[in-house]
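Thanks for making the time this morning; I would like to walk you through one model and the ligand it holds. Please have the sequence and the structure open while I talk.

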Amino acid sequence: MSVADLALFGGLPDYSTPLHVGRPSEVDRQRLQRRIDGALDRAWLTNDGPLVHELESRMAEFIGVDHCIVVANGTLGLQLVAKCLGITGSVVVPAFTFIGTASAMSWIGVEPVFCDVDLETHNLSPDDVVRRAPRDVGAILGVHLWGRACDVDGLKYVARKLDAHLLFDAAHAIGCGHQGRHIGGFGVAEVFSLHATKMVTALEGGVVATNDADLAERIRHARNFGFGAKGQVVAIGVNAKMNEFSAAMGLTSLEAYEPARQHNAALHAAYANALNAVSGIDLIKPDNNQWNYHYAVLQLSEPDAKWRDLLLRILWSENILARSYFAPGIHRTLPYQNSANGPKATNGTDELVNSRILSDTLITLPTGSQIKTEDAAAIGDLIRFCYAHRGEIEAEAARRGDTLKGLSDRLQISPASTGR
Ligand SMILES: *Cc1c(COP(=O)(O)O)cnc(C)c1O
């Protein structure tokens with residue numbers, strides 16, 4: 001293979017159909033169909049149906065917590081937790097996460113205060129929270145990014161000092177653990193997402209996990225217009241219920257967790273095998289053996305957005321739709337750039353250095369049951385080839401300048417947007 005064979009420079013693409021990040025893993029369709037038929041036969045499609053109940057008890061068992069409340073999506077789960085805890089004012093949020101972590105809070109009138117993350121773990125830095133959190137902050141919302149646990153003890157210590165609630169966005173972390181414990185039982189509550197791009201999916205859905213019985217009950221009421229157990233209105237609520245078809249999918253997808261995890265672990269090993277010897281690139285590793293392997297994330301050792309973006313374009317032109325999760329950092333997005341700890345418009349400095357570096361240096365590679373281990377090995381080999389011929393590739397890309405731009409427009413490259 002030579003540089004001229006790259007599809008970006010006119011060669012044939014490696015794949016005729018696109019390989020995606022975040023496609024749902026295969027489920028047992030007959031079981032799914034039986035569950036859906038059951039709901040139709042019962043003529044019970046929503047409102048605390050038996051499939052929702054079953055999903056809640058299976059989830060509580062799987063996650064190892066006393067209470068799981070399933071909801072329409074993870075965003076509503078985060079909002080219900082914050083509302084039912086009475087959080088007002090501001091909440092600490094990492095600047096490097098999916099936009100939904102922060103916007104969920106803004107939408108209910110709680111202002112996100114962005115703090116920086118650790119360059120190695122990609123998770124909220126307790127030291128930075130100490131540095132930046134206002135004294136009257138209502139809560140700290142940690143994110144177990146890529147399913148790797150936050151510094152739970154460090155954040156707990158800081159939350160106690162600030163007299164703030166500690167909760168977690170565990171959207172990525174189903175099946176993951178920390179120091180021998182499941183993610184789901186830390187802080188006052190943790191919220192998982194069952195969106196179609198996540199490891200376990202209910203099409204759209206979320207799970208609030210908590211060991212606090214009172215909070216669980218308040219959330220149950222609030223998710224159903226504030227109706228209490230006897231049908232009387234006991235609180236102000238909203239509609240955040242999950243329907244029975246989604247619960248059918250959630251149950252069937254949860255049953256497929258273990259094979260999906262093993263498949264993703266094999267993809268991870270294939271990526272690692274191709275890339276371990278390449279200097280300048282790291283495939284992020286689990287911090288322990290309780291990991292779902294859902295995300296295969298490459299960290300480029302140099303903060304070099306230009307080379308990262310060129311690599312993404314090379315991959316996209318081969319029909320390998322890798323992503324730059326998450327670029328830019330939330331604090332630099334349009335709605336938040338003038339917020340607390342946003343890059344100050346006046347001097348243009350960005351104080352959240354690690355978040356900026358990560359948003360310039362990561363590439364998320366395809367995983368899931370639609371990707372074969374041979375594909376992962378081939379993608380790894382392609383990236384290794386690009387590193388071996390980096391100078392030549394950069395020179396050729398520079399020479400082609402505008403034509404390259406035309407090509408990427410045709411390919412509708414938008415690697416920063418979310419998958420399906
Ligand atoms: C997916 C995701 C969410 C939003 O979950 P939804 O179920 O789509 O509402 C929130 N935070 C993170 C980190 C996510 O990845």
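**The ligand and its surroundings**

Let me begin with K198, where a polar side-chain atom lies 3.2 Å from an oxygen atom of the ligand. I should say at once that this is a predicted model, and every distance I quote is computed from it. Taken on its own, the ligand has 380 Å² of accessible area, and the protein covers 91% of that.

Two further contacts belong beside the one from K198. In D169, a polar side-chain atom is placed 2.7 Å from a nitrogen atom of the ligand, while in H172 an N or O atom of the side chain is found 2.8 Å from a ligand oxygen atom.

If we step back to the whole shell, 13 residues surround the ligand, and the closest are G74, T75, D169, S193 and K198. How do the residues of this shell divide into nonpolar, polar and charged? The division gives 2 nonpolar, 9 polar and 2 charged residues. As for where the ligand is placed, it sits in the largest pocket.

Let me turn, finally, to a residue that I will describe separately, R356, which belongs to helix α11, the helix that runs over residues 353-361. Is R356 buried, partly exposed or exposed? Its relative accessible area is 28%, and because buried would require a value under 20% and exposed one over 50%, R356 counts as partly exposed. R356 and A327 are separated by 29 residues in sequence, and their C-alpha atoms are 8.4 Å apart in space.

Terms used
Residues are numbered from 1 along each chain as its sequence is written. This is a predicted model: local features need pLDDT of at least 70, side-chain atom pairs count only at pLDDT 80 or more; totals for chains, interfaces and linings use all residues. Side-chain values use heavy atoms; hydrogens and water are left out. Helices (H or I, at least four residues) and strands (E, at least two) are DSSP runs, numbered from the N terminus. Buried means under 20% relative accessible area, exposed over 50%, partly exposed in between (1.4 Å probe, protein chains only). A residue is near a molecule or strand if one of its heavy atoms lies within 4 Å of it. A polar contact is a pair of N or O atoms within 3.5 Å; within protein, one must be able to donate a hydrogen and the other to accept it, and residues adjacent in sequence count only if both atoms are side-chain atoms. Accessible areas come from the Shrake-Rupley method with a 1.4 Å probe; for residues, only the protein chains shown count as cover. On a 1 Å grid over the protein atoms alone, a cavity is a set of points where a 1.4 Å probe fits but cannot get out, and a pocket is an open set with protein on both sides within 12 Å along at least five of seven lines; lining residues have an atom within 4 Å of a point. A molecule sits in a cavity or pocket if more than half of its atoms lie within 2 Å of its grid points. Ala, Val, Leu, Ile, Met, Phe, Trp, Tyr, Cys and Pro count as nonpolar, Asp, Glu, Lys and Arg as charged, and the others, Gly among them, as polar.
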